[in-house]
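Q: I would like to go through this model with you. Could we start with how its helices pack, and then turn to the rest?

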Amino acid sequence: MMQQAFRFDPVELPPAAKALRQEVRAFLEHNRASLGNRRDYDHAFSRKMAERGWIGMTWPKQYGGHERTAFERYVLIEEMLAAGAPVGFHWTADRQSGPNILRYGTDEQKDYFLPRIARGDLSFCIGMSEPDSGSDLAGTRTRAVKVDGGFRINGSKLWTSNAHRADYMILFCKMADAGQDEVDRHAGATQFLVDLKNSPGIEIRPVINLIGEHHFNQLFLTDLFVPDNRLFGEIGNGWRQVSSELAFERSGPDRFLVLFKLLTEMVRVAGPGPDRATAAALGRLVSQLATLRRMSLSIAGMLQEGLQPLNEAAVTKDLGTRYEQDLPVVARQLFPAEPEIAAVDTYVSMLARGTMNAPRLSIQGGTREILRGIIARGLGLR
Amino acid sequence: MRDETRMLLESMNRLFEDHCTKQIADNAEAGTFPGALWQAVSETGVPLAALPESAGGADAEWSDLYAVLRVAGRFSAPIPLAETMLAAWIASSAGLEVSEKPMTVGPVRADDRLTLERDGNGWRLSGRAGRLPWATDVARIVLLADGPDGAMAVALDGTAGAEVEAGRNMAGEPRDTLSFSGLRVAGDAVAPVVTGVDRAALYRRGALARAVLMAGAMERALDTAVTYAGERKQFGRPIGKFQAVQQQLAVMAGQVAAAGAAADAGVEALSIDDPARQEFLIAIAKTRVGDAATLASEIAHQVHGAIGFTKEYSLQLSTRRLWSWREEFGGDTEWAARVGAYVCAGGADALWPTLTDG
């Protein structure tokens, strides 16, 4: 009989990771003035982290990495997230672009990009979604044509976070001669490393989110030329590559620590001796978070073994976003307030942030429905 | 996982698979103790394995024994295995005789208190122990009571002299309430407990046992539901091909995975010396597993439709246990309140270190 559908082996943090945690906390204490929001794009902060070897820390030394374990990286990023460190500049490059370049890039690409990312010099964004291709990533309409010395690309990308600030984008599209979608939906899928700062043919327009922030963009690619040496991976292998990238994107503690500060503020408002019902409601949230950490750590263990825990990542992200979306719901039941982002009271401000950010959590990086489809496939139902 | 552990679990899996038939479960519920199943389990040495070799045990790791409980939970084994392990732990640590026959242990409820008074060279036991598992079926009942100089362990051979109020949980497992009004107990059946073996420790380990059993029962329920969804056809295809059903089972699978991870974390907490920290981590396990049980059993039934609601079909063996076990040794609301009280006592700024340290 099938006994455990998914694998979440117990792992114990090695001593090096525990030591690193103290080191990171000291660093954060020293840089307290910079802390606030993890999505903030603070190039100077990223450089400071790079100086400590904290970007690309698991990558080979040959490429500017530091050959540290997935556990150490796990500890580093959970400490950064819990503290609200402004890691936006290097986040995507460190989490998924770099690791995928390491896996699928040419030697020249590895030599060029990885040391620059690790030094905190290059930032990346993700060119997957389109106006007519969101969850249905294979339905991408952006097309590349082989031309002399490279490729000519036409199409549009949407919801591209940080495209207005990033140096590079890993673009997902299809070759123009890919054939009919109905025959093989993944045929011709191909990725490119696109220089956003120095390429004619890219127009970037802001898309303001409901909070009033500018993270999203829409990109219009008109006869964009990408040279041969910036083809990423193999022509037609894009689907496999993008799946690998999404496994990196979905597996980490960033999927349940977005609103950690709200939980902290709830504990503050509850005070040292809350009534039983309040204590129980907080206890349920803490129990979920503690379990999510354990599951995510177990995934770090699998990454350390070189595995690709796609199903486990989907399970953890789905549970993580459910928990985070519950946070503002429980908060307003326990401690009612009229939420306002600009409020002086941190709880009231975080309640507003939590309420308004909640919807995106189960959409970005794979919608809840897509993730559950992946889990169902893991159960053998599809 | 160590090779020894793997071999132990494989052999226990086979044993439970062979013995835990639907018939055995039905008979147990009708009042017939599954003697052959107990005999087979007893012969493996597992019930007393945690004891030192000098006391007839095998110095086994508690983590291995809890892993066996997860297998027992998977098969809805209708025997007091966790209770016997815990009774042996208390009796043996107090130097009292243990039995290879089934035992139970108490109190299992946070508010129950038993007291002992000197009476010549013996003792008199008073108080109430609510809903003791299998109390009227077992050969020995090991209880923790407050003596004049601190906590004592008491070993009773059966319920003679106690007022018995028979009861059963929703899965039909015996849960008998015993009341004692100065019951005379011989001197050699009472002994002081050692440090670290007390009512709170029993309550923690009992709650953890229920969490682990539930994790196993949920794995079985998921397996049953996924298999059923692949076989049952409606509208010309297996219901598992419908996205609405797939999404439900995906949610259930997430809860089952979380329950397993939470139970594992609770078992690891046994190696922590600080009782407050241990309690915090076990409280997280009981809370998370209990919450998962609620959602997982609901979905398992929804996927099964009416057949899952019958006595004949086996899903109820798992789900009625889940509904019962989530309340035993403290329900998830009680344990969640302990988790919340612990983090609030530490304060907001200590929340992150509390979650990550250790």
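A: Certainly; please note that this is a predicted model. The axes of helix 6 (residues 238–250) of chain A and helix 9 (residues 310–334) of chain A come within 9 Å, crossing at roughly 40 degrees. Because of that angle, helix 6 of chain A is oblique to helix 9 of chain A.

Q: And is the crossing of helix 6 of chain A and helix 9 of chain A left-handed or right-handed?

A: The crossing of these two helices is left-handed.

Q: Which residues make that contact?

A: Helix 6 of chain A contributes Ser243(A), Ala247(A) and Arg250(A), while helix 9 of chain A contributes Leu310(A), Ala313(A), Ala314(A) and Lys317(A). By class, the residues of this contact are four nonpolar, one polar and two charged.

Q: Next, helix 11 of chain A. Which of its residues are buried?

A: In helix 11 (residues 368–378) of chain A, the buried residues are Leu371(A), Arg372(A), Gly373(A), Ile374(A), Ile375(A) and Ala376(A).

Q: What covers the buried residues of helix 11 of chain A?

A: The cover includes helix 9 of chain A and also helix 7 of chain B.

Q: What follows helix 11 of chain A?

A: Gly380(A) follows the helix, and its phi is positive, near 85 degrees.

Q: Helix 7 of chain B brings up the interface. How many residues of chain B are in contact with chain A?

A: On the chain B side there are 43 residues, in contact with 48 residues of chain A. Helix 6 (199–231), helix 7 (243–268), helix 8 (275–304), helix 10 (332–346) and helix 11 (351–356) of chain B each supply at least two residues of the side that touches chain A.

Q: Which helix of chain B gives the most to that side?

A: Helix 7 of chain B gives the most, with 16 residues. As for composition, the side of chain B that touches chain A has 25 nonpolar, 11 polar and seven charged residues.

Q: Switching topic: why does Met266(A) count as buried?

A: Met266(A) counts as buried because it has 30 C-beta neighbours inside 10 Å, and the cut-off is 20 or more. Met266(A) lies in helix 7 (residues 260–270) of chain A.

Q: What does Met266(A) touch, leaving out residues up to four places away in sequence?

A: With those left out, Met266(A) touches Leu282(A), Ala331(A), Leu334(A) and Phe335(A). Of the pair Met266(A) and Phe335(A), the separation is 69 residues in sequence and 7.9 Å in space, C-alpha to C-alpha.

Q: Now the domains. How is chain A divided?

A: Chain A is divided into domain 1 (15–122), domain 2 (126–236) and domain 3 (251–378). Between domain 1 and domain 2 of chain A, the C-alpha centres lie 25 Å apart. Their contact takes 10 residues from domain 1 of chain A and 11 residues from domain 2 of chain A.

Q: Which helices supply the domain 1 side of that contact in chain A?

A: Helix 4 (88–104) and helix 5 (107–118) of chain A each supply at least two residues. Helix 4 of chain A has the largest share, four residues. That side of domain 1 of chain A divides into three nonpolar, five polar and two charged residues.

Q: And how is chain B divided?

A: The division of chain B is into domain 1 (1–79), domain 2 (103–195) and domain 3 (199–356). The C-alpha centres of domain 2 and domain 3 of chain B lie 30 Å apart. In the contact between them, 10 residues of domain 2 of chain B meet 11 residues of domain 3 of chain B. The domain 2 side of this contact in chain B has eight nonpolar, one polar and one charged residues.

Key:
Residues are numbered from 1 along each chain as its sequence is written. Chains are lettered from A and ligands numbered from 1 in the order in which they are written. This is a predicted model: local features need pLDDT of at least 70, side-chain atom pairs count only at pLDDT 80 or more; totals for chains, interfaces and linings use all residues. Two residues are in contact if their C-beta atoms, placed from the backbone, lie within 7 Å. Ala, Val, Leu, Ile, Met, Phe, Trp, Tyr, Cys and Pro count as nonpolar, Asp, Glu, Lys and Arg as charged, and the others, Gly among them, as polar. Axes are lines fitted to C-alpha atoms, for helices over the stretch in contact, and angles run from 0 to 180 degrees between N-to-C directions. Angles under 35 degrees count as roughly parallel, over 145 as roughly antiparallel, 65 to 115 as roughly perpendicular and the rest as oblique. A crossing is left-handed if the near helix is turned anticlockwise from the far one by less than a right angle, and right-handed if clockwise. Domain bounds come from an automatic or database domain assignment. A residue is buried if 20 or more other C-beta atoms lie within 10 Å of its own, exposed if 12 or fewer, and partly exposed in between; C-beta atoms are placed from the backbone.
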